[in-house]
Amino acid sequence: MEDETETFQHLFVQLTTFLGQYSWLLDAYVCEFFTEKHWDKIPESWRHVLHDIAPQEIADDLLCSSGRGARTTVWPLSLLAFRATAHSLTLPRQACDLSTLLGQLGADGSSLPEEIRDGQLRSPELQHCFRRHVKPKKQHEILRLATTVKWLCDQVGCSNVVDIGSGQGHLSRVLSFAHRLNVTSVEAEGCHVTGAARFDKQVVTDITKEKMKKQQEDDIDEVLHAQPSHVTCFLKPDISVDDFLSVINQQNPVLSLHGRESEQSSLTVAEQVSNCNVDMELPSTKKIRTSEEASANCCASGSNTDPTQAEKVVDEGDAPCDRKAFSMVGLHTCGDLAPTMLRVFTRCNDIRALASVGCCYMKMTCPNESTTRRDGPVDIQPQYVCLDYGFPMSQMVKNLNAEMSYQARELACHAIDMYTERLKSDDSEVMMPHCYRATLEHFIVKYDSTKRRAGIRSIRKTHKMDFQTYAEKALARLIYPTDTSVPVDAAEAAEMLACWKDVVVFHCLRLVLAPVVETLLLLDRMQYLREHRTNCQLVPLFNPRLSPRNFVLLATKHS
């Protein structure tokens, strides 16, 4: 254990030192390539070999960890060192074999059927009902994660799961109906809960029809009671264990409050479902008002939500029981929600296992940022002020005074594997949008310097437009209002557009650092769990080409 601690300590020093050395690159915006003269900031020896380099070579020689080994020019040692160091400090992203993973968790992974190893459902006839409304990327994620969570639950001996940030409940349904786990889903957006309840009903109908077709009517009652319970709640970063368990128990009495820890903190039941109530009665369920205890908790937290307007959906057959142990899962929980899960997990004795997949790192709170900061490429909303920051979490990283800018965290969310494939394609026009945006930024700032880095709402098929068409559409879709008649000098624009390869090179130099940033963020979370003496692993569970945020942080506690 002492050797592992020293290893982590040494690795964190390397990560923070390396990222600090290239903060000028991390904290830059590609859209300011011309306005801030970013090309001139790159070492001259780098510029000499990277100027006019083909996109295929960028992908093979810079972004791919293996490299081709056959370059058209000799690279300077400083550039080779930059590339080699970045790749050496990056966690391996290739998706693991599911049976191998389960073997590492203590399960007999070799006994899994082949379709389970690939993350498929145990019951092939149920697959269609789970594929409805779910894109292939999401199917891949929920099937592999659901299988992993089921084996985690088996390992720690519990059948209850709380799905945090559940969205429209796709993962919850697989855990409930396919793996027969008791699931409570927690989601901040009431309209997502409405959709989840509607999709639950569709799955119940599909499975019921299938059972009747196979003359398995005796199993229908089991199906009706398998559906997940839904909670509409926003979890603040400093939520206490008491408040967290209160929310879960109010909505789904399967979990017990016995032996809960007492902490003073705040809870906000945000919006509940007062504006987005479930619009149908689910089989064997009913709508009831929240209890007086729930109202008291809401009022004590200072929430503006009227607790008398909130409703919950619970199963009529459920009753309080002694099954208090549960596991917690979060699939692509946004911003501070993943760190919040980790804190609740370490503080709550009732939670036996954790599976956390984070995303949207730029939305996390960090101590080095003002709550009124608005200097990103899009409008950053004021952050919630508390001492439980999303980064750093571990004491080891805090001791290094590590900081992480918004720009760096946003960079860590890029789909590097997908972009590399685009670079390797023959269609170089897919690279033009970066240069288009940087060129437009030049004219916007030249016309009105107060509109620098103005966010632009999504424009489809940018690479198929000429610059003039793009400029007109982009100016009309600025998030920050400005005059859409920004003058564009055609000759000046043409000169900048001719530098599109340089813009792509600069973007790719930043992308080399992206997985290093994510490595620091993820290992900080893992070290936090290690400091709280839990068994934890960081595993690349998903195919990175399908799911860029493909790491799952797994942790278990034994009673």
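How are H5 and H23 oriented to each other: roughly parallel or roughly perpendicular? Point 2 takes this up, after a brief overview of the chain.

1. Overview. The model is predicted. The protein chain has 559 residues, and 55% of them count as buried. Its secondary structure consists of 23 helices and nine strands. Contacts that bridge long stretches of sequence are well represented: among those between residues at least 6 apart, 76% join residues at least 24 apart.

2. Helices H5 and H23. Two packed helices are described by the angle between their axes and the distance between the axes. For H5 (residues 55-63) and H23 (residues 500-531), the angle is about 20° and the axes lie 11 Å apart. Angles under 35 degrees count as roughly parallel, and H5 and H23 are therefore roughly parallel to each other. The crossing of H5 past H23 is right-handed. On the H5 side, the residues that meet the partner helix are Pro55, Ile58, Leu62 and Leu63. The H23 side supplies Trp500, Val504, Val505, Cys508, Leu509, Leu511 and Val512.

3. Strand E1. Strand E1 covers residues 160-164. Five of its five residues are buried, so E1 is largely enclosed by the rest of the structure. In a regular strand the side chains alternate between the two faces of the sheet. In E1 both faces are covered: Asn160, Val162 and Ile164 are buried on one side, and Val161 and Asp163 are buried on the other.

4. Partners of E1. E1 pairs in the parallel sense with strand E2 (residues 182-187), over five bridges. Within that pairing, valine 161 stands opposite valine 183. The two strands, together with helix H11 (residues 170-178), form a right-handed β-α-β unit. E1 also pairs with E6, again in the parallel sense, over three bridges. Here valine 161 faces serine 327 of E6, and aspartate 163 has valine 329 as its bridge partner. Valine 161 thus has a residue opposite it in E2 and another in E6.

5. Strand E6. Which part of E6 is buried? Eight of the nine residues of this strand (residues 326-334) are, so E6 is largely enclosed by the rest of the structure. Besides its pairing with E1, E6 pairs in the parallel sense with strand E7 (residues 351-359) over eight bridges. One position in that pairing is glycine 330, which stands opposite serine 356 in E7. The chain passes from E6 to E7 through helix H16 (residues 337-347), and this β-α-β crossover is right-handed.

6. Asparagine 550. Is this loop residue buried or exposed? Asparagine 550 sits in the loop between strand E8 (535-540) and strand E9 (551-556). Buried means under 20% relative accessible area; asparagine 550 has a value of 0% and is therefore buried. Leaving aside residues up to four places away in sequence, asparagine 550 touches Arg93, Val539, Pro540, Leu541, Phe542 and Pro544. Asparagine 550 and histidine 332 are 218 residues apart in sequence, and their C-alpha atoms are 9.1 Å apart in space.

Terms used:
Residues are numbered from 1 along each chain as its sequence is written. This is a predicted model: local features need pLDDT of at least 70, side-chain atom pairs count only at pLDDT 80 or more; totals for chains, interfaces and linings use all residues. Side-chain values use heavy atoms; hydrogens and water are left out. Buried means under 20% relative accessible area, exposed over 50%, partly exposed in between (1.4 Å probe, protein chains only). Helices (H or I, at least four residues) and strands (E, at least two) are DSSP runs, numbered from the N terminus. Two strands pair if DSSP finds at least two bridges between them. A crossover is right-handed if, with the strands pointing away from the viewer, the path from the first strand over the helix to the second runs clockwise. Axes are lines fitted to C-alpha atoms, for helices over the stretch in contact, and angles run from 0 to 180 degrees between N-to-C directions. Angles under 35 degrees count as roughly parallel, over 145 as roughly antiparallel, 65 to 115 as roughly perpendicular and the rest as oblique. A crossing is left-handed if the near helix is turned anticlockwise from the far one by less than a right angle, and right-handed if clockwise. Contact means heavy atoms within 4.5 Å.
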